[in-house]
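Hello,

Here is the structure you are taking over. Please look at it before reading the notes below.

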2 protein chains.
Amino acid sequence: MERLEIPQKSIYRISLYSRCLERLEANGHEMVSSAALAAAAGVKSSQLRRDLAYFGAFGTRGRGYPVQALRLAIHEGLGRAKLQPVIMVGAGNLGRALLRYDGFKKEGYDILAAFDSDSEKLSEKSIPVPLFPSEEIASFARQHHVKMAILCVPAAHAQEAVNVLVEAGIQGVLNFSPAVLQVPADVTVNNVDLALELENLSYFVRK
Amino acid sequence: MERLEIPQKSIYRISLYSRCLERLEANGHEMVSSAALAAAAGVKSSQLRRDLAYFGAFGTRGRGYPVQALRLAIHEGLGRAKLQPVIMVGAGNLGRALLRYDGFKKEGYDILAAFDSDSEKLSEKSIPVPLFPSEEIASFARQHHVKMAILCVPAAHAQEAVNVLVEAGIQGVLNFSPAVLQVPADVTVNNVDLALELENLSYFVRK
DNA sequence: TAGATTGTTAATCGATTAACAATC
DNA sequence: TAGATTGTTAATCGATTAACAATC
């Protein structure tokens, strides 16, 4: 089963199933049907079974899926490298806000350091990680084997910032800058555009 | 042209085009071709033309689109209510972090107040908006005609929180809680799951 | 007119879903 | 065995793209 052939949308859902399985396991469930797990994840049961089929056949006809074994199979299948080191690029309002958020660490992603081109910010005290000038991104990433970055720079500087990241060997970028980024095919960029999300919501709100 | 028939993915892209048009306009461009605008937004030109067709025909064959008129047509077509009031529900780490982010206001979304069920947090000083107990959500939303909310409560309390929001007449929820929410069909929930995004990225990073 | 580019159709592609044989 | 539920196929649905006639 070639990993790269699993569609990205399936990968998202499978992570969601994993989270539901953790909760079921914590509640002492040993087996779960595709119908029950799908309901917990908010999808159709046929979709769930199809998604799981990318990893092979783990269920037992007539009985369902073993909760723990399925969770472990998903972890194995996704090849998730827990405790993945991450760097934050851009320490403006959003970057600093996210640095204070503890949800990343809880999920196993450790933000090692932040970088900013504005040396004024280097004296900023309210940040829970070391803050370095942008020039040091490449050497730091190589030294600490960092493969993932969170990008929070102004839109106007996002492309040049991501160029530096690519050059530094970063392979995955979580981009909060409202900009369309060009990267080589072997680098993945996931965009989170907060203003766009609100704007989209407002379309569906009756005036 | 019935608004509700435009697919949500098109709505997202159209907002993106709008942003690109603003930049073109600021740079003094009067006309733009579908090819150039599509390149700026990172999509195919045929997709852009198809998206724009939902609003009618604004281009001129052989010449392209008038930048300002197209931007205005999009604003009109999306029916965007700028300066939309918003409330923040949940003032934990992520909620407080986002309250300090100024990107929402810049885009015309004004966070009027935050709500939390933990009365301990009510004395919290580092928040730039008033913080009230959760019991006051409904009366506040009605009084200030709030139709949109940002939800940042722990997963375990997300469903009960969104129930309160629905009851209070909220029609759009930007949900940062890692939970699958059930809402009536006339309420829109857009999910932003930061941990899921990082987890997804890590799948595409070579180990 | 010739060149350019839209608006729109038809073809393609990919993802979702229903259905059901396999089988515990 | 009878009932339940998977794994998988085939049908459906929806979104993307190529292509091109219309037309500035």
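Helices (H or I, at least four residues) and strands (E, at least two) are runs assigned by DSSP and numbered from the N terminus. This is a predicted model, in which local features need pLDDT of at least 70, side-chain atom pairs count only at pLDDT 80 or more, and totals for chains, interfaces and linings use all residues. Residues are numbered from 1 along each chain as its sequence is written, and side-chain values use heavy atoms, with hydrogens and water left out.

DNA strand D

A residue is near a strand if one of its heavy atoms lies within 4 Å of it. DNA strand D has 23 residues around it, and the closest are A:S34, A:R49, A:G59, A:Y65 and B:R61. A polar contact is a pair of N or O atoms within 3.5 Å. A phosphate oxygen of DNA strand D lies 2.8 Å from a polar side-chain atom of A:Y65. A backbone N or O atom of A:G59 is also 2.8 Å from a phosphate oxygen of this strand. α3(B) gives the most to the surface near DNA strand D, with 4 residues.

DNA strand C

Which residues come nearest to DNA strand C? They are A:R61, B:S34, B:R49, B:G59 and B:Y65, out of 23 around the strand. The side chain of A:R49 has an N or O atom 3.2 Å from a base nitrogen of DNA strand C. For A:R50, a polar side-chain atom lies 3.2 Å from a base oxygen of DNA strand C. The largest share of the surface near this strand, 4 residues, comes from α3(A).

Regards

Terms used. Chains are lettered from A and ligands numbered from 1 in the order in which they are written. A polar contact is a pair of N or O atoms within 3.5 Å; within protein, one must be able to donate a hydrogen and the other to accept it, and residues adjacent in sequence count only if both atoms are side-chain atoms.
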